[in-house]
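Biologist: I am new to this protein and would appreciate a guided look. May I put some short questions to you?

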Amino acid sequence: ETNVAHHRKKGKDVEKMFVWGTCGATSVVGFLVGVVLHDDQKTKRVVAGAYCNAVLATYYASPLSEMKEMLTRRDASSLYWPMSAAITVNGFSWAAYGFASNDWFLFSPNAFGGVVGVVQLVFLATFSKKKKQKKTRGTDGMEMEQRGGGGGGGGDVIVANLSSEDLILSGQPSSS
């Protein structure tokens with residue numbers, strides 16, 4: 001990593017910390033003013049509900065920032081399928097409870113979360129790198145396979161298919 005790239009990355013990290021810090025401070029102040037300082041119970045309920053919905057929607061929407069990249073790369077290996085399944089079940093379960101109890105503060109963000117979970121599962125089913133294997137020939141004519149990392153974070157693995165003839169031709173002793 002070059003010095004310029006390092007400083008650019010560090011600058012982006014500082015920018016992200018500033019934005020998230022400002023959002024966090026603003027939401028805490030808004031929550032305190034709306035819930036703690038108000039005497040009206042209806043206002044407290046609306047402010048607390050809106051605050052909690054914003055936090056929950058942010059949680060559910062966090063993978064959406066990568067979805068465009070996943071579509072472009074046709075690779076969903078950054079998603080973890082058990083987490084996507086849990087988000088789906090959790091979102092739809094709480095949405096059903098919110099619907100049954102006529103609580104739209106509970107229903108709305110959780111229905112959104114359930115849909116986001118389904119979208120993640122569709123991405124995993126469609127763009128899974130485990131299925132993909134690409135065979136190529138090296139400059140020396142040796143056949144190789146490129147296997148996707150499958151979401152484990154290890155990246156692609158190159159596997160050379162060596163025969164005893166390949167080893168003899170390369171000057172290495174044959175094992176047979």
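Biologist: Let us start with one residue: is Asn-53 buried or exposed?
Modeller: Please keep in mind that this is a predicted model. Asn-53 has a relative accessible area of 18%, and the limit for buried is under 20%, so Asn-53 counts as buried.

Biologist: And where is Asn-53 placed?
Modeller: Asn-53 lies in helix α2, which covers residues 41–61.

Biologist: Which residues is Asn-53 in contact with, leaving aside its neighbours within four places in sequence?
Modeller: With those neighbours set aside, Asn-53 touches Phe-105 and Pro-109.

Biologist: Let me step back to the whole protein. How many helices and strands are there?
Modeller: The protein has six helices and three strands. Read from the N terminus, the order of the elements is α-α-α-α-α-β-β-β-α.

Biologist: What share of the residues counts as buried?
Modeller: The buried share is 17% of the 176 residues. Asn-53 is one of the buried residues.

Biologist: What about the accessible surface?
Modeller: The accessible surface amounts to about 12500 Å², and carbon and sulfur atoms hold 63% of that area.

Biologist: And what share of the contacts with a separation of 6 or more joins residues 24 or more positions apart?
Modeller: Such pairs make up 43% of those contacts.

Biologist: Now a change of topic. How many aromatic pairs are there?
Modeller: The count is six aromatic pairs. One of them is formed by Phe-99 and Trp-104, whose ring centres are 6.0 Å apart.

Biologist: Why is the pair of Phe-99 and Trp-104 called edge-to-face?
Modeller: The planes of the two rings stand at 80°, and an angle over 60 degrees is what edge-to-face requires, so the pair is given that label.

Biologist: Which aromatic pair does Phe-99 form with Phe-107, and how do the rings lie?
Modeller: The pair of Phe-99 and Phe-107 is tilted, with 50° between the planes and 5.9 Å from centre to centre. Phe-99, Trp-104 and Phe-107 together form one aromatic cluster.

Biologist: How does each member of that cluster count in terms of accessibility?
Modeller: Phe-99 has a relative accessibility of 54% and counts as exposed. Trp-104, at 45%, is partly exposed. Phe-107 is also partly exposed, with a relative accessible area of 23%.

Definitions and conventions
Residues are numbered from 1 along each chain as its sequence is written. This is a predicted model: local features need pLDDT of at least 70, side-chain atom pairs count only at pLDDT 80 or more; totals for chains, interfaces and linings use all residues. Side-chain values use heavy atoms; hydrogens and water are left out. Helices (H or I, at least four residues) and strands (E, at least two) are DSSP runs, numbered from the N terminus. Buried means under 20% relative accessible area, exposed over 50%, partly exposed in between (1.4 Å probe, protein chains only). Contact means heavy atoms within 4.5 Å. Accessible areas come from the Shrake-Rupley method with a 1.4 Å probe; for residues, only the protein chains shown count as cover. Rings of Phe, Tyr and Trp (its six-membered ring) pair if their centres lie within 6.5 Å; planes under 30 degrees apart count as stacked, over 60 as edge-to-face and the rest as tilted.
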